[in-house]
Every structure is written in structure tokens, then in C-alpha cells.
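Me: Could you take me through one part of this model closely, namely how its strands pair with one another and what is packed around them? I would like a connected account that I can follow residue by residue.

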Amino acid sequence: MSYAKAFSVGLVGLVGHLVEVEADLAPGVPVVTLSGLPDTALNEARDRVRAALVNSGEQWPNRRITVNLLPASLPKHGSLFDLPIAVTVLAGAGMLPLAPLRGTVLLGELGLDGTVRPVRGVLPCLLAAARAGIRSAVVPAGNAGEAGLVPGLTVRATDTLRRLIDFVRGIGPLLDPPDTPPPPPAAGPDLSDVVGQDLGRRALEVAAAGGHHLFLIGPPGAGKTMLAARLPSVLPALDDEAALEVTAVHSIAGVLPSGAPMIRRPPFQAPHHTASAAALVGGGSGVARPGALSLSHHGVLFLDEAPEFATRALECLRQPLEDGVVTLHRSGGGATYPARIQLVLAANPCPCAKPSGDRDCECTPLARRRYLARLSGPLLDRVDLRVQLDPLSSRQLVRDDDATESSGTVRLRVQTARDAAARRWAGLGVRTNARVGGADLRAPAYRLPRTVTRQLTDEIDRGLLSARGFDRVIRMSWTIADLDGRSRPSREDVAEAMFLRGGGH
Ligand SMILES: [Zn+2]
């Protein structure tokens with residue numbers, strides 16, 4: 001036998017495609033040719049595979065070896081094809097029976113000493129394999145946890161090439177994925193340790209319930225970061241589908257926590273304002289990797305000191321915020337990653353970032369306006385809540401009442417409100433108030449009576465509110481009504497929404 005074939009998976013963005021790895025061995029000059037659009041890493045695979053085989057005690061076939069990865073048109077990246085290449089080369093040389101691996105997908109990078117190293121993206125690879133009808137997989141031992149999350153797939157793992165070869169020859173076992181239940185996810189910071197800040201807490205709850213983006217303005221020490229970091233804690237846990245999606249993105253980025261692979265809580269990302277556009281939305285040389293934006297998919301992206309971010313970086317967020325996905329273009333092929341996020345922006349009221357009323361602040365009103373104007377336009381236009389936070393007074397700090405609610409209590413109200421919204425908008429294919437289109441809000445079935453919206457229409461008549469601003473207030477009014485268990489927004493709900501909107505625009 002001089003030909004052998006095995007299965008692996010290639011990723012384009014989050015989408016996995018089945019890849020056939022075939023090896024043909026012919027008499028002649030002993031050279032190795034890899035074909036099928038391999039990138040540099042794949043060419044390096046040739047040397048790694050040879051060293052790994054030899055250092056595993058196997059003989060490298062002294063023949064002309066052609067390795068082909070199909071489909072040729074699929075851009076293939078990375079080192080995860082090492083394992084199937086090694087196996088097909090051996091099998092093609094007649095040194096390994098492939099029957100035990102029939103219908104099995106192989107993923108793994110080889111070290112020169114023959115160890116099998118973990119690779120990125122194992123979860124999305126195996127989800128794709130399972131969808132393509134594959135029923136078993138062999139993965140690196142370091143990826144066994146996430147691989148075990150895929151339903152309907154028998155997963156076995158290996159730590160060395162030697163172990164896999166012994167298994168195929170029927171003289172040793174592979175490793176089973178860990179079946180110990182993962183520890184409960186880390187709870188993260190809780191609202192119960194935020195003192196005072198009634199307005200900030202309310203804004204957080206409304207944002208969570210309606211899926212609204214949030215802008216917090218306040219001097220240093222007003223608790224903006226504290227509040228933002230607690231938004232995930234009042235969001236409902238991810239359902240199975242969302243959890244798999246989020247975990248798959250983190251798998252590709254190579255940032256899955258070991259031990260508890262499935263991400264069940266909405267993620268939180270807080271990139272620094274010096275972050276590059278690539279770090280923010282994704283990119284990198286060669287393979288486009290997900291950035292903070294996609295790592296906060298189904299969770300929260302927090303931009304602290306938002307006006308300090310590069311304008312170009314902020315611009316890059318605009319389209320993904322609209323579409324819920326980000327498409328990255330690279331010479332090696334484009335990639336699309338999910339980006340359905342809740343955005344929280346925070347800013348100091350002025351560029352010097354001195355506490356308000358501080359004598360040292362010499363910023364002119366114009367300088368202050370200019371500073372915040374860096375955020376205006378397309379980005380701020382999508383933010384429903386704009387809340388001004390005051391620094392905590394010493395009286396608030398020592399306030400010792402037991403009225404400080406925990407995140408769990410708030411989360412229950414948020415869940416109830418979200419359920420009500422999801423039921424109401426089910427016909428529109430929308431789950432949260434923030435995503436309901438303006439025309440749908442104003443459709444006869446949902447249009448609010450003039451007695452409820454009078455204050456708003458007055459502001460429109462006086463040129464203080466745009467049609468867009470009107471829709472935003474109405475969306476938040478629905479959220480406030482949902483939170484308070486009313487089937488329709490009242491005049492008071494609209495008034496509170498106007499207040500949370502921060503007036504104007
Ligand atoms: Zn200042």
C-alpha cells in the first residue's frame with residue numbers, strides 16, 4: 001500500500017470544514033511535497049512531522065512523499081494537521097493499519113520529540129465535524145476538556161504520537177477526556193459590594209434588561225468601572241447554544257480556561273485605550289484572530305476612558321455593532337466572527353480627569369465639549385443610556401443599610417423582563433427591546449398613546465429631540481415597563497427613560 005487518507009478539520013473564522021489529508025509514497029528521490037494551499041506553518045509541519053516520527057522510534061519512509069490537503073481551495077492555517085499527516089505518511093508506507101481510525105477526525109500539533117501539543121479552535125473544529133457526520137475524534141490531551149463538550153461525538157485524546165501509533169496497532173489505549181464535572185464558574189464581582197450609586201445601579205439594571213448600550217460619564221472615583229464590571233453578573237446565564245458559540249470563539253483565541261472549558265456566564269472584556277484596532281476587533285498577521293469585540297460576544301465590551309481610544313479603533317466598532325458580526329479581511333483569506341455585544345463606554349467629564357470641582361481643573365467648557373465629542377457621531381448614536389454619575393459622598397460611603405441588593409436578586413428581575421420582551425417581539429425575530437426597529441415600535445399594535453408620549457412629542461416640536469432619539473426613549477420605556485411588570489409603558493416610564501437618555505439629541 002502506498003496511499004493513505006485521514007480526516008481533519010480546517011477553520012475559516014468560526015466555521016469548520018472537513019479536510020482530507022492524503023499521502024502518496026512513490027519510489028524515487030526522497031523528497032516531501034505538501035500541497036493544498038498550505039501557509040508557512042504548514043510547510044514547517046513537514047520538518048516537525050519527520051522529527052516527531054523519528055523521535056517516537058519510527059522509521060521515516062525513504063521515498064518520494066506527496067501530502068495533499070483537500071479541498072485545495074480552503075485556506076488552511078496552523079499546526080493542527082501535524083497528527084493526521086504523520087499518521088497518513090506511516091500508513092502510506094504500510095507501517096500502520098488505518099482501519100481503527102476510519103471515520104475519525106485527527107487534530108494536533110507535534111513537538112519535535114513526538115509530544116502532541118494542544119491547538120486553538122478544537123471546539124469549533126469538532127462541532128463542524130459532528131455536523132458533517134463524523135462520530136469520533138482524536139485530539140491533544142490538552143484539548144480533551146473542550147472536545148468533550150461536543151454532543152454526539154466520541155472523543156479520545158493522546159499526549160504523544162507514540163500513544164496514538166500504539167493504539168492504532170492495537171497494543172495500547174488512548175486517553176479518555178476528563179469526566180469530572182467542571183467546577184462552577186467563578187462568580188465574578190457582585191453588585192452587593194457597590195455602595196450607594198442608586199442611579200448607576202438602576203442604569204445597569206435597565207441596560208441589562210433591555211440589552212441597551214450604556215454610556216457612563218463621571219469623574220474618577222464615581223464608580224464607573226465598578227459598575228461596568230458588574231453588568232455580566234446581572235445578565236442571565238448563557239443558554240446551551242450561546243455557551244457553545246462563546247466557548248468556540250475563546251477556543252480559537254486560545255484563551256479557554258483549563259478545567260472548566262464551557263463558558264456559561266456572559267463574558268466581560270475591558271481592553272485598554274492603547275489597544276490597537278486589531279486587538280479590539282480582531283486581526284493579526286496571517287490568520288485573523290478574534291479580538292476583544294468577539295471575545296465579548298453574548299457579553300459585555302467595556303471601553304474605559306473611551307475618548308482616549310484611537311478614532312480608527314472606535315470607527316471599527318461601528319459596523320459590527322450594527323451587524324452583530326465582524327468580518328476581517330486578510331491576504332490569507334477573510335474570517336467572520338460573531339460580535340453580538342453589549343457596549344459600555346465610560347468617560348471622565350473633561351480631559352484632565354480631575355475630580356469634579358477640583359480647583360486644579362482648568363479645562364474650559366469648550367475643551368470639555370471637544371473631549372466628549374470624540375465619541376459622538378456613529379458610536380454614541382447607538383447608545384441608549386447616557387448617565388452622569390457623581391462622586392460618592394462620604395455619607396454614602398458610610399451608609400450602613402442592608403438595602404444593597406446582590407447581583408442574583410437583580411438578575412431575577414432582569415430575566416423576567418427579558419422573558420416578557422422576548423414573548424412580545426417573538427414575531428419580529430428579536431429578543432431584546434434594544435434591537436426592535438423604529439418602524440416596529442411605531443406600528444399600530446405598539447404605538448403608545450399621546451397622553452403617554454406628550455412630553456416627548458413636545459421636545460420633538462421644540463427641536464430638542466430627533467426621531468431617532470424618540471425611538472430610543474420608547475425602547476427604554478418598554479424595558480422599564482418590563483422590569484416593573486407592566487404590559488405597556490406609562491407616562492412615568494417614559495419620563496424615567498428620558499432621564500436615562502440624558503436629554504437632547
Ligand atoms: Zn479638567
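Reply: Two strands are taken to pair if DSSP finds at least two bridges between them. The model is a predicted one, and a hairpin is a convenient place to begin. Strand β1 (residues 3-12) and strand β2 (residues 15-26) pair in the antiparallel sense, with ten bridges between them, and Phe7 has Glu20 in β2 as its bridge partner. Two residues lie between the strands of this hairpin, where Gly13 takes a positive phi near 65°. Strand β2 is also joined to strand β4 (residues 64-70), again with the strands running antiparallel, by seven bridges; here Asp24 stands opposite Thr66 in β4.

A parallel arrangement is found in another sheet, which is open, has five strands and follows the order β11-β14-β17-β10-β18. Strands β11 (268-269) and β18 stand at its edges, and because each has a single partner strand, one side of each is left without a neighbour in the sheet.

Strand β10 (residues 214-217) deserves the closest look, and the question to ask of it is which residues cover its two faces. On one side are Leu214 and Leu216, on the other Phe215 and Ile217, and all four are buried, so that both faces of the strand are covered. Towards strand β17 (residues 342-347), β10 runs parallel and is joined by four bridges, with Leu345 in β17 as the bridge partner of Phe215. Towards strand β18 (residues 385-388), β10 likewise runs parallel and is joined by four bridges; Leu216 has Val387 as its bridge partner there, while Leu214 stands opposite Leu385. Helix α6 (residues 198-210) lies across β10, β17 and β18, and runs at about 170° to β18.

Helix packing can be followed in a pair of helices elsewhere in the chain. Two packed helices are described by the angle between their axes and the distance between the axes. For helix α3 (residues 122-131) and helix α9 (residues 240-253), the axes come within 7 Å and cross at roughly 125°, and α3 and α9 are therefore oblique to each other. In the contact between them, Val122, Leu123, Pro124 and Leu127 of α3 meet Leu244, Thr247, Ala248, Ser251 and Ile252 of α9. Sorted by class, this contact has seven nonpolar residues, two polar ones and no charged ones.

Helix α9 can also be checked for its length: at 1.5 Å a residue its 14 residues should span 20 Å, and its end C-alpha atoms are 20 Å apart, which agrees. The helix is mostly covered, since eleven of its 14 residues are buried; among them are Leu244, Thr247, Ala248, Ser251 and Ile252, which are the α9 residues that meet α3, and also Val246, Val249 and His250. Just after α9, Gly254 takes a positive phi of about 70°.

A single residue rounds off the account. Thr453 has its place in helix α17 (residues 450-461), and at 5% relative accessibility Thr453 counts as buried, because the cut-off for that class is under 20%. Leaving aside residues up to four places away in sequence, Thr453 touches Leu448 and Ile474.

Notes:
Residues numbered from 1 in each chain as written. Predicted model: local features only at pLDDT ≥ 70, side-chain atom pairs only at ≥ 80, totals over all residues. Heavy atoms only, no water. Axes fitted to C-alpha atoms, helices over the stretch in contact; angles between N-to-C directions. Parallel < 35°, antiparallel > 145°, perpendicular 65-115°, else oblique. Contact = heavy atoms within 4.5 Å. Nonpolar A, V, L, I, M, F, W, Y, C, P; charged D, E, K, R; others polar. Expected span 1.5 Å × (residues − 1). Buried < 20%, exposed > 50% of the residue type's maximum accessible area, 1.4 Å probe, protein only.
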